[in-house]
Amino acid sequence: MFVPGLSRFGRHLSQVTVSQARLQEFIRAELSYFAAQHTQALSLEQIVDASTPGKVARLVHKEIPFRFAARIRHIEAVEGWEKQEELRQLHKIFLDSFSELRLTEPPGTEECSLTVSDLTEYTEVIRSVRKRHMPVVALLAEAIRKMNHKDAWMEGDAFQSWADTFLVSRISTEMLTSHYMAVVDWHDSASEASELLGSDHIGIVDTKCNPGRICEQAAKAVQSMYANATEQVADKLQVEVHSHSDSGSEDSTIAFSYIPKYLFYIVQELIKNSARATVEACKLDGRRRLPDRPIIVTVCADQKQIAIRIADQGGGISCGKSEEIWSYLFSTSMQPFQEYLESGSPLAGWGVGLPLGRLYARYLGGSLQLMNVPGTGVDAYLFLRRIDPSSAEGVPRASISDSVAPV
């Protein structure tokens, strides 16, 4: 078959014909080489700086193979991984994507300026990789769920560290490929996205992100889920969103530079947890119905950060289990595996939503904390650092090094 002649120095050479066996030998050698390299943390600054099609294509080509190779080895480090169905599927996903990325590359040299049309073939590869990786978190979550039943394939403490490493590794690669598609779409005059995003966006970063509006959208999404739920919910789920500027006024709009899609997913996950607890509390205590237990979302800000509080009256978590909520082995969700696959959220999966939401917040320089009042409810506090994409010092670097958490 024909494959591009690849070079580890990033130069595009002529195509050559090799046998399938020789190709697989080449891929294995490439995998060993990339997995053995020590990678630096991929910062959000690097991602935002790649603001043209050529820059982001070369960043993807340079960075992602290292991280996919490391993730393949991370799976292979689990004893007996071949016997675990979900781990086998995950291994195949990353190996297929690593192979596909090593058999293609952006055209031209480092100095060449590339247009969207120059990258048509490469963009299709990235689109294919993103589609292939959509079930990754849900597959890992299904493997976690099985650990709680009969197929434990790692001890709990060791697994927590292993899962942290695996999921942190997904954040930067998911963010980078998402940024690639956003940059290409924005520069493509024929794309609808170029009109929808407008001049306020730098790839996936919205320089005028409105956290209050994002919270309202997340609230409506969760309310819609319960309005269409198969289980009987007698009343409408109540979610109130209140925004306050640094002056304390509800009239002025809060706007800051951030990545809206990840903010939406984190807030949606937190509201979902509150909604689930509130509905269950109403079932146990018929004296107080859903309208009597509104979920209150408060958004406020100062010059350095944004704070979002999500407070529910779902009864809280018993003291004995308050520390378990950050464990991947703890979940109150009964959502079927297929629904996780179809959700489209990078946080979707049994037991991973809350701890993964915290990892996303940390990666972007923020934090996620919970205040639990047993018998009353839970207050979630999400603190977000303002991102200034025009200033190198204003963009937070990843708080978790790739040397600890290979991507």
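R386 makes a good starting point: this residue lies in the segment after β10 (377-385). The model we are touring is a predicted one, so every value below is computed from its atoms.

**Around R386**

How accessible is R386? At 23% relative accessibility, R386 counts as partly exposed, because the partly exposed class sits between the 20% and 50% cut-offs. The side chain of R386 makes two contacts with backbone atoms. One of its polar atoms lies 2.8 Å from the backbone oxygen of D302, and the side chain also reaches the backbone oxygen of Q303 at 3.3 Å. R386 has a distant partner in sequence as well: Y258 is 128 residues away along the chain, yet the two C-alpha atoms are 6.9 Å apart in space.

**Residues brought together by the fold**

R386 and Y258 are one example of a pair separated in sequence; here they are again beside two others.

| Pair | Separation in sequence | C-alpha to C-alpha distance |
|---|---|---|
| R386 and Y258 | 128 residues | 6.9 Å |
| I317 and V378 | 61 residues | 7.6 Å |
| S128 and S97 | 31 residues | 8.5 Å |

I317, from the second row, is found in the loop between β8 (305-311) and α11 (337-343). Is I317 buried or exposed? Its relative accessible area is 19%, so I317 is buried, since buried means under 20%.

S128, from the third row, is found in helix α5 (residues 120-132). With a relative accessible area of 26%, S128 is partly exposed. The side chains of S128 and E100 are joined by a polar contact of 3.5 Å.

**Helix α4 and its neighbour α3**

Now for helix α4, which covers residues 85-102. What span should its 18 residues have? At 1.5 Å a residue the expected value is 26 Å, and the end C-alpha atoms are indeed 26 Å apart, so the two agree. At the N-terminal end, Q84 acts as a cap: a side-chain oxygen of Q84 lies 2.9 Å from the backbone nitrogen of E86.

Several residues of α4 are buried, among them E86, L87, L90, H91, I93 and F94. Further along the helix, S97, F98, S99, L101 and R102 are buried too. As background, an α-helix has 3.6 residues a turn, so residues three or four places apart point the same way.

How do α3 and α4 pack? Helix α3 (residues 53-76) meets α4 at an angle of about 155 degrees, with the axes 9 Å apart. The two helices are therefore roughly antiparallel to each other, because angles over 145 degrees are counted that way. Their crossing is left-handed.

**Helix α10**

Helix α10 (residues 260-284) has 25 residues and reaches 36 Å from its first C-alpha to its last, close to the 36 Å expected at 1.5 Å a residue. Why is α10 described as largely enclosed by the rest of the structure? The reason is that 19 of its 25 residues are buried.

**Cysteines**

A last stop is the cysteines. A disulfide is a covalent bond between the sulfur atoms of two cysteines. How many disulfides does a search of the whole structure find? The search finds zero. C209, for instance, is in no disulfide, and the nearest cysteine sulfur, that of C215, is 9.2 Å away. That distance is not within the 2.5 Å cut-off, so the pair does not count as a disulfide. C209 is buried, with a relative accessible area of 0%, whereas C300 is partly exposed at 31%.

Notes
Residues are numbered from 1 along each chain as its sequence is written. This is a predicted model: local features need pLDDT of at least 70, side-chain atom pairs count only at pLDDT 80 or more; totals for chains, interfaces and linings use all residues. Side-chain values use heavy atoms; hydrogens and water are left out. Buried means under 20% relative accessible area, exposed over 50%, partly exposed in between (1.4 Å probe, protein chains only). Helices (H or I, at least four residues) and strands (E, at least two) are DSSP runs, numbered from the N terminus. The expected span of a helix is 1.5 Å times one less than its number of residues. A polar contact is a pair of N or O atoms within 3.5 Å; within protein, one must be able to donate a hydrogen and the other to accept it, and residues adjacent in sequence count only if both atoms are side-chain atoms. Axes are lines fitted to C-alpha atoms, for helices over the stretch in contact, and angles run from 0 to 180 degrees between N-to-C directions. Angles under 35 degrees count as roughly parallel, over 145 as roughly antiparallel, 65 to 115 as roughly perpendicular and the rest as oblique. A crossing is left-handed if the near helix is turned anticlockwise from the far one by less than a right angle, and right-handed if clockwise.
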